[in-house]
Amino acid sequence: MTSLNTYRGGPDEGGHFGQFGGRFVAETLMPLILEVERAYTAAKADPSFQAEIDYFAKHYVGRPSPLYHAERITEHLRRGDKGAKIYFKRDELNHTGAHKINNCIGQMLLARRMGKKRIIAETGAGQHGVATATVCARFDLPCVIYMGEEDIERQKPNVFRMKLLGARVVPVTSGSRTLKDAMNEALRDWVANVDDTFYIIGTAAGPHPYPAMVRDFQCVIGNEVREQIMEMEGRGPDSLVACIGGGSNAIGLFHPFLDDKNVRIFGVEAAGLGLDTDKHAASLTGGRPGVLHGNRTYLLQSDDGQILEAHSISAGLDYPGIGPEHSWLKESGRVEYVSSSDAEALEAFQTCSRLEGILPALEPAHALAFVVKLAPTLPQDHLLVMNLCGRGDKDVFTVAEALGTEI
Amino acid sequence: MSTKSRLERRFADLKAQGRGGLVTFTTAGDPTFEASLELVLGLPGAGVDVIELGMPFSDPMADGPAIQASSLRALGAGMNLARTLDLVRRFRGTDEDTPIVLMGYYNPIHSYGVEAFLADAKAAGVDGLIVVDLPPEEDDELCLPALKAGIHWIRLATPTTDDKRLPSVLANTGGFVYYVSIMGITGTREVQADAVRVAVERLKRHSELPIAVGFGIKTPEQAASIARVADAAVVGSAIVERIKGGLDDGDRPRPAMVPDVLGFVRALAAGVRKARNG
């Protein structure tokens, strides 16, 4: 690997992170994508835009989220003189229960600047759908959420929450009826309603400028961690861990630290029933580069380049692609990508509930499952920060079913 | 290209005849390789001037329900990009004159390998490519290599393509320009000939190329109304729906499927031929 001066310089003007990213969309969408890019560039240069975001982050979302020393988990993972000191970044305490709202506030404020009158979004687990429906209620814009039929079945509480917030939830019946198909359908809607509609993409993927823009909105996570850990420990972290579906919570935590060479960074993908089966969602460890949903990135695909269905117990990780910046960080070697299975995540979910009194979402339960393996190998003065990016209330039905329990 | 390409010869012929052309879209391998080949072999005899063949893809973002379903039927029956090229090769063995344009999405080609795909496509007798998710910003990927390989790159122009953007959209386009007449996905709305006339006139100010108009053309009358104002009318979803109507519950073709679809195509061709644009 060539050594870089910075890992934080991307993307280039065409939206590329190395060979990844880009703008692979139909001509119908190109003028829109360029319009979003122009508007976002102008907003970034306007201090009042960041001031607006900060205002809503503080008073509406509840930021900063705490950095919490998970003492009992730390204790639980001590082995002799080993066992890292574990911190949770508590983004599950945000309004709506996950990191997704950070991005939705940013994109909604941009959509308002652009004078858009209607919001659409895709959702997998429903967290992004709920966050989008929430900001649409707050800013009084009509909201249409595309959600795969299978996810609607798995995430009924979130579907109801979206409806209570005034959103229209459109079931997607094409393809595998999950997140990727919801994204296809949202893109179709956007193509047909280009004049008045803004598409709030939920993860750091899609055509440029979305991967960079979503990352920027999520970087509040890592920026807060840096300040908080300095205050609590007088120094920076030694390692960072976050789960990856599309990868927005992870890039938000990682990006501010990419140039801190001594910080080890781990992204945890969903291994489903195992990487040796065809039932997983680990695009980086089990896929290869391709082009889907507007960007070149690692994808789960057949020999013929057809997109495969992903599988994970966590609907939020159940996506056959990944944000392009992660693909680049993998190839550049800066971030280590690993995976946790359904069973490991389920175990970590229960451990966290019992030891810390926190029900994590199944998504960060994947990150925790890796922490369970990693922490006991590290010295006790090693500071490990894991992004607890969502709360588990939405998952209690899935977990009950997996444990064979009737609620 | 020093000598005229098949597409250039075909549009020159149409001009000489004083009429607009008929372009039909079907998905290669829908519902099966054999039925699809039989259908495609019958298209020139039914009056089709240019054949557009879809390369099946699992996630056709710009297509409506009818064409999505046709893609999945083809994939379900074992279609892939290599067999799509095989279908073209078999057709080319019987017809040297009718241009074939492949339409689809980039990932299957990316996976096949750009250089290998272009060499195999050229050898099979492919005349042009329409790859929906490759805008001018990504021309290095496949457009420029295709031009080098002697295959036309056919770009979609849309109502959102303003005068500022049009030159870059037209820059590497050859064979014809495909004007998407309505905003949205394939097969969902109906075309308005008056709006198309204005749009075609605008395109003609920027390009000498023939203009084919697609999206929303479902009947022989509509095809005729478009052929009056453009150089060709493209019919896709309506034909694909017709194919679906000829399948049994297991998505296998009934014996009447191919003759029925060709009958519909013949009616479209008759409509276009009556609409002389002088």
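## Chain B: helices over the sheet

In chain B, helix H11 (residues 237-245) lies across strand E1 (21-27) and strand E9 (232-235), and runs at about 45° to E1(B). Keep in mind that this whole picture comes from a predicted model. Helix H4 (residues 81-92) of chain B does a similar job of covering strands: it lies across E2 and E3 of chain B, at about 165° to E3(B).

What do these helices sit on? Chain B has an open sheet of 9 strands, ordered E5-E4-E3-E2-E1-E9-E8-E7-E6, with parallel pairing. At the edges you'll find strand E5 (152-153) and strand E6 (156-157) of chain B, each pairing on one side only. Zooming in on one pair, strand E2 (residues 50-54) and strand E3 (residues 100-104) of chain B run parallel and share 4 bridges. If you want a spot to click on there, B:Leu53 stands opposite B:Leu102 in E3(B).

## Chain A: an antiparallel sheet

Over in chain A, 4 strands make an open sheet in the order E1-E2-E12-E11, and here the pairing is antiparallel. The edges are strand E1 (16-17) and strand E11 (288-292) of chain A, each with a partner on one side only. As a general reminder, strands of a sheet pair through backbone hydrogen bonds, in either the parallel or the antiparallel sense.

Strand E2 (residues 20-24) and strand E12 (residues 294-299) of chain A are antiparallel and joined by 2 bridges. In E12(A), A:Arg296 is the bridge partner of A:Gly21. This sheet has a helix on it too: H13 (residues 324-332) of chain A lies across E1, E2 and E12 of chain A, running at about 45° to E12(A).

## Where the chains meet

So much for the separate chains; now the interface. On the chain A side, 38 residues are in contact with 36 residues of chain B. Together the two chains bury about 2,800 Å², with 51% of that on carbon and sulfur atoms.

How many salt bridges are there between chain A and chain B? The count is 3. A:Lys180 forms a salt bridge with B:Asp59, with the closest N and O atoms 2.9 Å apart. Across the interface of chain A and chain B there are also 20 residue pairs in polar contact, both residues at pLDDT 80 or more.

Which elements of chain A give two or more residues to the side that touches chain B? They are E2, helix H1 (30-44), helix H8 (179-192), E11 and E12 of chain A. H8(A) gives the most, with 8 residues. By class, that side of chain A has 15 nonpolar, 13 polar and 10 charged residues.

Conventions. Residues are numbered from 1 along each chain as its sequence is written. Chains are lettered from A and ligands numbered from 1 in the order in which they are written. This is a predicted model: local features need pLDDT of at least 70, side-chain atom pairs count only at pLDDT 80 or more; totals for chains, interfaces and linings use all residues. Side-chain values use heavy atoms; hydrogens and water are left out. Two strands pair if DSSP finds at least two bridges between them. Contact means heavy atoms within 4.5 Å. Axes are lines fitted to C-alpha atoms, for helices over the stretch in contact, and angles run from 0 to 180 degrees between N-to-C directions. Buried area is the accessible area (1.4 Å probe) that two parts lose on being put together, summed over both. A salt bridge is a side-chain nitrogen of Lys or Arg within 4 Å of a carboxyl oxygen of Asp or Glu. A polar contact is a pair of N or O atoms within 3.5 Å; within protein, one must be able to donate a hydrogen and the other to accept it, and residues adjacent in sequence count only if both atoms are side-chain atoms. Ala, Val, Leu, Ile, Met, Phe, Trp, Tyr, Cys and Pro count as nonpolar, Asp, Glu, Lys and Arg as charged, and the others, Gly among them, as polar.
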